[in-house]
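The following account leads the reader through a single protein chain, moving from one group of residues to the next. Please keep the sequence and the model in view while reading.

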Amino acid sequence: MSESVPYEFVKDAYNSICKSYPKCTVLSDKRKKAIKARFREGYTLEQIKQVFTMAEESDFLKGKNDRNWSATFDWMLNSNNMAKILDGNYSTKDKVPDKYSVKRVYEDFDF
């Protein structure tokens, strides 16, 4: 990964996909550090958009749980949480995946 990290792209992708969550208005140093770390771990832009899409489709992450807890931009960018979202741990079982579904994640791999 080059030193050019698309911070604004990640913020804009979140704001355009995650309509049910509070907007991300500030890219603090802590948030930039988290974004940069995810790219260094090997996550791609498509996978990050996939995380946001899956979070938007998840009733649980939007607060339909026993604590009325909702995910945040920062929570989604945590490495462990990104992996769990991509694994489908928070998917609403009765929803049909959209165009950013599992197929899109596999496009990054050569089988």
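The model is predicted, and a suitable place to enter it is helix 1, which spans residues 7-17. Within this helix, Tyr-7, Val-10, Lys-11, Ala-13, Tyr-14, Asn-15 and Ile-17 are buried. The buried residues of helix 1 pack against three other helices, namely helix 2 (29-40), helix 3 and helix 4 (73-76). Tyr-7, one of the buried residues of helix 1, also takes part in an interaction with a charge: the charged end of Lys-32 sits over the Tyr-7 ring, at 5.6 Å from the ring centre.

These elements belong to a protein with six helices and zero strands, so that its pattern along the sequence reads α-α-α-α-α-α. The protein has 111 residues, of which 40% count as buried. Among contacts with a separation of 6 or more, 73% are between residues 24 or more positions apart.

Helix 3 covers residues 45-57 and contains Glu-56. Which residues does Glu-56 contact beyond its neighbours within four places in sequence? They are Ile-17, Cys-18, Lys-19, Ser-20, Tyr-21 and Lys-62. Ile-17 is itself one of the buried residues of helix 1. Glu-56 is buried and has no salt bridge. The nearest side chain of opposite charge is that of Lys-62, at 4.1 Å; because a salt bridge requires the side-chain nitrogen to be within 4 Å of a carboxyl oxygen, this pair does not qualify. The side chain of Glu-56 does, however, make a polar contact of 2.6 Å with the side chain of Ser-20.

A second buried position is found in the loop between helix 4 and helix 5, where Leu-77 lies. Leu-77 counts as buried because its relative accessibility is 2%, and the cut-off for burial is under 20%. With residues up to four places away in sequence left out, Leu-77 touches Ala-34, Ile-35, Arg-38, Phe-52 and Met-82. Leu-77 and Val-51 are 26 residues apart in sequence, while their C-alpha atoms are 8.8 Å apart in space.

The aromatic residues offer a further view of the chain. A search of the whole structure finds seven aromatic pairs. In one of them, Phe-60 and Trp-69, the ring centres are 6.2 Å apart and the planes stand at 50 degrees, so this pair is tilted. Both partners count as partly exposed, Phe-60 with a relative accessible area of 30% and Trp-69 with a relative accessibility of 25%. Phe-60 also pairs with Tyr-90: here the ring centres are 5.7 Å apart and the planes are at 20 degrees, so the pair is stacked. The pair of Phe-60 and Tyr-90 links distant parts of the chain, 30 residues apart. Phe-60 is in the loop between helix 3 and helix 4, whereas Tyr-90 is in the loop between helix 5 (79-86) and helix 6 (102-106). Tyr-90 has a relative accessibility of 16% and therefore counts as buried, in contrast to Phe-60, which is partly exposed. Ring pairs join Phe-60, Trp-69, Trp-75 and Tyr-90 into a cluster.

Methods:
Residues are numbered from 1 along each chain as its sequence is written. This is a predicted model: local features need pLDDT of at least 70, side-chain atom pairs count only at pLDDT 80 or more; totals for chains, interfaces and linings use all residues. Side-chain values use heavy atoms; hydrogens and water are left out. Helices (H or I, at least four residues) and strands (E, at least two) are DSSP runs, numbered from the N terminus. Buried means under 20% relative accessible area, exposed over 50%, partly exposed in between (1.4 Å probe, protein chains only). Lys and Arg count as positive and Asp and Glu as negative; His and the chain ends are not counted. A polar contact is a pair of N or O atoms within 3.5 Å; within protein, one must be able to donate a hydrogen and the other to accept it, and residues adjacent in sequence count only if both atoms are side-chain atoms. Contact means heavy atoms within 4.5 Å. Rings of Phe, Tyr and Trp (its six-membered ring) pair if their centres lie within 6.5 Å; planes under 30 degrees apart count as stacked, over 60 as edge-to-face and the rest as tilted. A charge sits over a ring if NZ of Lys or CZ of Arg is within 6 Å of the ring centre and within 35 degrees of the ring normal.
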